[in-house]
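Hi,

Here is the structure I promised to send over. Have a look at it first, and then read on for my notes on the ligand site, one loop residue and the helix packing.

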Amino acid sequence: MSPSGMTPTERTALREAVDLARRGTGTTSPNPVVGCVVLDASGAVVGRGWHERAGGPHAEVAALADAGDAARGATAVVTLEPCRHTGRTGPCVDALREAGITRVVVAVPDPTAQAGGGADVLRAAGVDVEVLAADDPDRGAAERANRAWLTWARRGRPVVTWKVGQTLDGRTAAADGTSRWITSAESRHEVHALRAAVDAVLVGGGTPAADDPHLAIRDATGGIDRIAAQPLRVVVDTRAEIPLTARVLDDAAPTLVVAARGSRTARLTDAGIDVLEVPVAADGLDLDALVTGLGERGVRHVLLEGGATLAGSMVARGLVDEVVAYVAPTLLGAGPASLVETGVGTLGDAVQLAVTDVSRCGPDVRITADVVAPETADQPSTTQE
Ligand code: AOF
Ligand code: ZN
């Protein structure tokens, strides 16, 4: 036994359970991704399962079905604490007990009031339950796989990834405005995979006016991918001025227009367009209300794709959690910057990133990094004008 009480076999099983959980990325929202591996008394894997889509069987139920009679006297290793509630499906704590599971290893407690507490219910029923310590690296991997849902469950908002394509000197267009194509075809292709893994793609007001982006996932032929789960396209359009002919309003994917409360949204709603009205704060649209509103619509992971002003405001509000930057080996020396108005005026206030991956994408370099939250919780450490 390792100091945590988990056997090496259980650790191996947990890593497999995390891999299984990841298979649900992009299809389980608004629910979590969850994986489960069932081990018999000899440590052999007798069942595997994962949560595929909201409303479908939970990971534990899928793994128990896979194990059949072999679940009797077995151990279930799960990435998220088994639920104790009856929601769209029955409580997993009951399913585990009824199948004869005698030990449950849990990577991450369920923070929701509705479903959390399953570990105690199982213990009360005589099941041996092990919950990993908060600093356990295997728990960290399970948290990471479920980051979007856990961010929502703990903080009431989706996780936000800012994706940017820029030159090595941080520009998104040349001085004359030409911007097609800064990054390579490989990088642009990869962005479609990013979109497929999230629930919503978010762009700021200036972007539709300047670029008329489509934001849907295309297939290999460049047509609309009807098989991929298309993310919600979210357009911030403070004054509700978007033309009805904008490509982002077509029927390739659902679209939500975010406008200031009190703006002339009737033109849009009359045309059948879904509108989210949010209050206006002193420094512009209330972005906290925006992300909370997206969370209320079931969005757990947002891909912020620009423009520079919206991204800067989101960074300033502490609402960007992760950055994926495609950096083209190109220098311009003039032209718009990829990020503006973050409120950072001095080096000591710079937004700190922790790089999690660096790789090549065709001729470009892709850098993935987490935003290191300032000590002062959710508030940005800088003041905005
Ligand atoms: C899942 N899949 O494998 C596990 C979940 O919407 P319901 O009724 O299916 O319940 C969803 C809640 O159940 C979810 O928010 C989480 O708290 C808990 N566990 N959910 O969708 C699973 N194990
Ligand atoms: Zn469950």
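Which atom of alanine 59 lies 2.7 Å from an oxygen atom of ligand 1, a backbone or a side-chain one? It is a polar backbone atom of alanine 59. Please keep in mind that this is a predicted model.

**The ligand site**

Alanine 59 is not on its own there: 16 residues surround ligand 1, and Ala59 is among the closest, together with Asn31, His58, Arg88 and Asp110. Arginine 88 also uses its backbone, with an N or O atom 2.5 Å from a ligand oxygen. Histidine 85, on the other hand, brings in its side chain, from which a polar atom lies 3.2 Å from an oxygen atom of ligand 1. On its own, ligand 1 has 480 Å² of accessible area, and the protein covers 96% of that. The surrounding shell is a mixture by class: six nonpolar, seven polar and three charged residues.

**A loop residue that touches His58**

His58, one of the closest residues to the ligand, also has a partner in threonine 89. You will find threonine 89 in the loop that runs between strand E3 (75-80) and helix H3 (92-98). The side chains of threonine 89 and histidine 58 make a polar contact at 3.4 Å. Leaving aside residues up to four places away in sequence, threonine 89 touches Gly55, Gly56 and Pro57 as well as His58.

**Helix H5 and its two partners**

Helix H5 (residues 137-145) is worth a look from two sides. With helix H1 (residues 8-22), the packing angle is about 10° and the axes are 9 Å apart, which makes H1 roughly parallel to H5. From H1, the contact involves Arg11, Leu14, Arg15, Val18 and Arg22, while H5 contributes Asp138, Ala141, Ala142 and Ala145. Sorted by class, this contact holds five nonpolar, no polar and four charged residues.

The other partner is helix H6 (residues 147-155), where the angle is about 85° and the axes are 5 Å apart. H5 is therefore roughly perpendicular to H6. Here Arg139, Glu143, Arg144 and Ala145 of H5 meet Arg147, Leu150 and Arg154 of H6. That contact divides into two nonpolar, no polar and five charged residues. Note that Ala145 appears in the contact with H1 and again in the contact with H6.

Happy browsing, and all the best!

Technical notes: Residues are numbered from 1 along each chain as its sequence is written. Chains are lettered from A and ligands numbered from 1 in the order in which they are written. This is a predicted model: local features need pLDDT of at least 70, side-chain atom pairs count only at pLDDT 80 or more; totals for chains, interfaces and linings use all residues. Side-chain values use heavy atoms; hydrogens and water are left out. A residue is near a molecule or strand if one of its heavy atoms lies within 4 Å of it. A polar contact is a pair of N or O atoms within 3.5 Å; within protein, one must be able to donate a hydrogen and the other to accept it, and residues adjacent in sequence count only if both atoms are side-chain atoms. Accessible areas come from the Shrake-Rupley method with a 1.4 Å probe; for residues, only the protein chains shown count as cover. Ala, Val, Leu, Ile, Met, Phe, Trp, Tyr, Cys and Pro count as nonpolar, Asp, Glu, Lys and Arg as charged, and the others, Gly among them, as polar. Axes are lines fitted to C-alpha atoms, for helices over the stretch in contact, and angles run from 0 to 180 degrees between N-to-C directions. Helices (H or I, at least four residues) and strands (E, at least two) are DSSP runs, numbered from the N terminus. Angles under 35 degrees count as roughly parallel, over 145 as roughly antiparallel, 65 to 115 as roughly perpendicular and the rest as oblique. Contact means heavy atoms within 4.5 Å.
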